[in-house]
Every structure is written in C-alpha cells, then in structure tokens.
Amino acid sequence: WKTKQEMADEALFLLLHNEMVSGVYKSAEQGEVENGRCITKLENMGFRVGQGLIERFTKDTARFKDELDIMKFICKDFWTTVFKKQIDNLRTNHQGIYVLQDNKFRLLTQMSAGKQYLEHASKYLAFTCGLIRGGLSNLGIKSIVTAEVSSMPACKFQVMIQKL
Amino acid sequence: MAVCVAVIAKENYPLYIRSSPTENELKFHYMVHTSLDVVDEKISAMGKALVDQRELYLGLLYPTEDHKVYGYVTNSKVKFVMVVDSSNTALRDNEIRSMFRKLHSSYTDVMCNPFYNPGDRIQSRAFDSMVTSMMVQVC
C-alpha cells in the first residue's frame, strides 16, 4: 500500500518527465530530432540533476570503498529514492562494464506492456541515462551510459566506465 | 571559530576560500595548499589506518606553531579544510565536526542551485553568510 504522499510524489515526477520530453521535442529546431540533438538535451538535463541528487543522497552515507560499492549504491539506494524500487539485476564483466536491468521501469510502465510505442522508448530513457552518468561523475567516475529496450516496461542501462 | 575556511574541488583547485583577518591571506592559502597532500595521504591510507575508513571527517591534519588544520572529504571528493587558532583551546572535536556538517549541508544546497554550475567558484551569498557565522569576527 502506498500513502497518498508517496503516490503524489511518484506521479509528479513521472508526469513532469513526460512533459519535459514532449517540451524538448516540441521546441526542437530544424533537424534536431533527426540528428539526436533532442536526446542529447534530455541526457544533459539528467546529468546536471544526477550531480545534484548524488550530492544530496551521499551527504550522510559512509565513504564508498570502491567502484562496485558505488554501482551497488546506484542500484539500490539511488534507484529506490528516485524510482521507488531497486534495480532488479546488476551484471558486470569486472572490467568496467555494468548492465543494470530494471524489469518494470517506472517511466515506461504507463507507456506499454510490450512492443507498442517501442520506437519512442529512447526518448524516455535519455534523461535517466544522464541521471546515472551525472551521479557517477560527481562520485569521480567518468562513464558512458546507454539504454536499450526490447519489450516494455523492462529495460537495460549499460554503463561503460572510462579509465582516464 | 575558524580563521580560514576553504572548499577544494576534486581536481584540487579552490572553489571557495576565505580567511579572517584578511591580512596574511597568502599564508592561509599556502596552509590550505599544503594540507591537500595530507588529505590525500589520509585517504589512501584508509585501508590500514586506525581511522574509521567510512567516515567523512578526517580530523586533525597537521598542527603548526599557531594553528591547527582540520579536514573533511565528501563522497563527491570535494574537500573542506578549516584552520583554527591553536590558542582556541575551548574548541572541541565535536564542535569542529558539526561545523563541517554545516559546511557540507550548505555545499549540497549550492549544488542544487540552478544558477550554480558545478566546478565554478562558489558565489552564493547564503553560503557566504553561513561561513561568516563560523569564522572569527574581526571588528
């Protein structure tokens, strides 16, 4: 059971995010949709939000031991605070590549339960990719984050750590 | 009450530094600069040291003839350095800890300010006045 406050918080972010995506696409200039500029804008928004969020969330936590510790934090505490659930599966090749699997991604559950609207999914994942990248960046990790969906609302986020 | 407060970015350049009294500013800048090495040492020695490695507060970094330098590193690798007058014996460890917590809280607020671009010098007046409240007042 969720309290009214919890439902309101969740719905607020979800709806605001939807408006953000449509806002970016509506105000897109010539060619920006095709050349991916809109996706970049959303990703950059997510990046700045991720930086600020991580600063807030790690204010009272203990120091992280290593990279894996940080990724686990993203999958559990961070994901729970933002999306009210944990990442369902974390896999890594121990060489800097992590795959975060969310079987019921909150930003996609209202969209479809399979393949309908699949071609639009990437627009709704860009912000979250930036969120992860921004959060990691503020923790001292440079990365590239991409997402893929084959059947909604499950999706995978791939994090590639950049060794400097 | 501190005589100098500094916020250093993870790339080791100052985001904010203020000292009081403002003469001898260079001396304090130099002190903060030297303390960065000590901070790095403490962080890398985390595994073997007696210091609780999960804590953000680093404690006393090093003492000089007239001053004591304390450090604190956030999870986002931002360092806070505080210099206090040695003669101020009334200042206890948990007071220093709480000063750092206040700094950390204000820094977090700065991060969430839409007019602040991460990596820039901190120009927030709110942050300024918080720091003023913890520094030695010179009439």
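This is a short chat about reading a predicted model with chains A and B.

Me: Where do I start with two chains that touch? How much area do chain A and chain B bury between them?

Reply: Interface size is often given as the accessible area lost when the parts come together. Here chain A and chain B bury about 1,800 Å² between them, with 43% of it on carbon and sulfur atoms. On the chain A side, A:E55, A:K59 and A:R63 lose the most area to chain B, together 45% of what that side buries.

Me: OK, and how many residues does each chain bring to the contact?

Reply: Chain A brings 18 residues and chain B brings 24 residues.

Me: What about charges? How many salt bridges are there between chain A and chain B?

Reply: There are two salt bridges between chain A and chain B. One of them can be found by looking at the side chains of A:R56 and B:D109, which meet at 3.3 Å, N to O. You can also look for polar contacts: 14 residue pairs make them between the two chains, both partners being at pLDDT 80 or more.

Me: Which helices of chain A should I look at on the side that touches chain B?

Reply: Try α2 (37-57) and α4 (126-138), since each supplies at least two residues to that side. The most comes from α2(A), with five residues. By type, the side of chain A that touches chain B has three nonpolar, seven polar and eight charged residues.

Me: Now the inside. Which residues of the largest nonpolar core touch the most other members?

Reply: In soluble globular proteins, nonpolar side chains tend to be buried together. The largest nonpolar core in this model has 42 residues, and A:L100, A:F105, A:L108, A:L136, A:F157 and A:V159 touch the most other members. Several elements of chain A give two or more residues to this core, including α1 (4-26), β2 (97-102) and β4 (154-161). The most come from α3(A), with nine residues.

Me: Say I click on A:L100. What is A:L100 in contact with, beyond its neighbours within four places in sequence?

Reply: Its partners include A:M71, A:I74, A:C75, A:F157 and A:V159. Apart from that core lies another one, of 29 residues, among them B:L56, B:V78, B:I96 and B:F100.

Me: One last residue: is A:D102 buried or exposed?

Reply: A:D102 counts as buried because its relative accessible area is 0%, and buried means under 20%. A:D102 sits in strand β2 of chain A, and its side chain reaches the backbone nitrogen of A:K104 at 3.0 Å. Beyond its neighbours within four places in sequence, A:D102 also contacts residues including A:W79, A:K85 and A:P153.

Notes
Residues numbered from 1 in each chain as written. Chains lettered and ligands numbered in written order. Predicted model: local features only at pLDDT ≥ 70, side-chain atom pairs only at ≥ 80, totals over all residues. Heavy atoms only, no water. Contact = heavy atoms within 4.5 Å. Buried area = accessible area lost by both parts, 1.4 Å probe. Salt bridge = Lys/Arg side-chain N within 4 Å of Asp/Glu carboxyl O. Polar contact = N/O pair within 3.5 Å; in protein donor to acceptor, adjacent residues only side chain to side chain. Helix = DSSP H or I, 4+ residues; strand = E, 2+ residues; numbered from the N terminus. Nonpolar A, V, L, I, M, F, W, Y, C, P; charged D, E, K, R; others polar. Core = buried A, V, L, I, M, F, W, Y, C linked by side-chain atoms within 4.5 Å. Buried < 20%, exposed > 50% of the residue type's maximum accessible area, 1.4 Å probe, protein only.
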